Amino acid sequence: MTSSVPPTVYADESNNSGENLTDLDQPVFAAAAVLMDSAAAASLVASVRAHMPANFGEAKYSALVKSGAGRQALLEAFAQLPDGSVRTYLAHKRFMIVAKMVDYLAVELAYDDGYDMYADGSALGLANLLFHVGPVAGDAAAFDQMLQTFVDALRPSKPTTVDDLFAAIAAYRGTAVEELRGQLGILQAARVQADEVFELIAEAKITDVLDPAIPCLVELCYDVGERVGPFRLVHDQSNTIARHALTLLSIEALPAVTPVLKLPPLPATEITFADSASTPQLQVADWVAGGSRHVADARATGKTNPFVDEVAPVAAGWVSGGVWPDADTIRTPRPPRRR
């Protein structure tokens, strides 16, 4: 009796600015997974290259999208993708900052007091409340400064301190309407929890805590695994993913954030890396990540164009989920998905 060989899934990402989540030029991060055989992917790459000059170089999304011929080639390639062959996962970077603030401050404070904000969806509800209401229920510049200070404080390369963060929270809270001050008081009360997190970062016991690449890849892998079962993962070269590859492969052994959120094993049986220039599936993953991110950028900023409008209906079918703001969760909290 012979065992079947697991399929190989190829992954790439678009607009990864690492932990710099306040980069205004890159408001959205996208991760993409592709399940195609080499012949089909190579044929698709060849069809795209046929639209371009012989000396064009590697057919990256960022280069193709700059010309009419490249955009047309991408549209034709997207139309030829086999059903179910690609999946994407998105992260709205500004919302991710707010969600991380809630995670590391409010959620930790509540959990130490015996209350699980993930179990009833109140963590997500609070993140959306602060994201949607924060800039208009208080001074917008002070709100932006609070987010920037939080990002800088969690990045080891920055000199920003925990004191700076709590001073920024206090400064913004002082401008907020009375109804919001109570929610912000939860953040202010979490100094002990913040000190614990910052100590772990300072000792390099946790790293890349704001980088969307890891959480997005995890969710993308779970989604793909539900569709195809266990698989081998080949990722485009990525220092962040490489640093965490072994941890990802034993993710079920990590201490759960809360008992109800213990993660199951990742369906990826191994993680290796390859060069997109010689791996056609990774070139396709680059296009899919770029197209999905491009559409999400327009959704996040309200700025669109005819090409994005054409890609949007196709890209909508690729999306498995995302770290994305949803005002409905303010009044109707949703607990996280149990896998």
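User: Why are α5 and α8 called oblique to each other?

Analyst: In this predicted model, helix α5 (residues 122-133) and helix α8 (residues 178-188) pack at an angle of about 120°. Angles of 65 to 115 degrees count as roughly perpendicular and those over 145 as roughly antiparallel. The angle of about 120° belongs to neither class, and α5 and α8 are therefore oblique to each other.

User: What is the distance between the axes of α5 and α8, and which hand does their crossing have?

Analyst: The axes lie 11 Å apart, and the crossing of α5 and α8 is left-handed.

User: Which residues of α5 and α8 meet, and how many of them are nonpolar, polar or charged?

Analyst: From α5, the residues L126, L129, L130 and V133 meet L180, Q183, L184 and L187 of α8. By class, this contact has seven nonpolar residues, one polar residue and no charged residues. Leu and Val count as nonpolar, whereas Gln is not among the nonpolar or charged types, so Q183 is the polar residue.

User: What makes up the lining of the second largest pocket?

Analyst: The second largest pocket holds about 260 Å³ of space and is lined by 16 residues. Of these, L21, T22, D23, L24 and R94 lie nearest its centre. The elements giving two or more residues to the lining are α4 (93-112), α6 (140-154) and α12 (280-301), and the largest share, four residues, comes from α6.

User: How many residues of this pocket's lining are nonpolar, polar or charged?

Analyst: The lining of the second largest pocket divides into six nonpolar, six polar and four charged residues. Asp and Arg count as charged, so D23 and R94 belong to the charged class.

Definitions and conventions
Residues numbered from 1 in each chain as written. Predicted model: local features only at pLDDT ≥ 70, side-chain atom pairs only at ≥ 80, totals over all residues. Heavy atoms only, no water. Axes fitted to C-alpha atoms, helices over the stretch in contact; angles between N-to-C directions. Parallel < 35°, antiparallel > 145°, perpendicular 65-115°, else oblique. Left-handed = near helix turned anticlockwise from the far one by under 90°. Contact = heavy atoms within 4.5 Å. 1 Å grid on protein atoms, 1.4 Å probe; cavity = no way out; pocket = protein on both sides within 12 Å on 5 of 7 lines; lining within 4 Å. Points joined across faces, edges and corners; volume = space filled by probe spheres on them.
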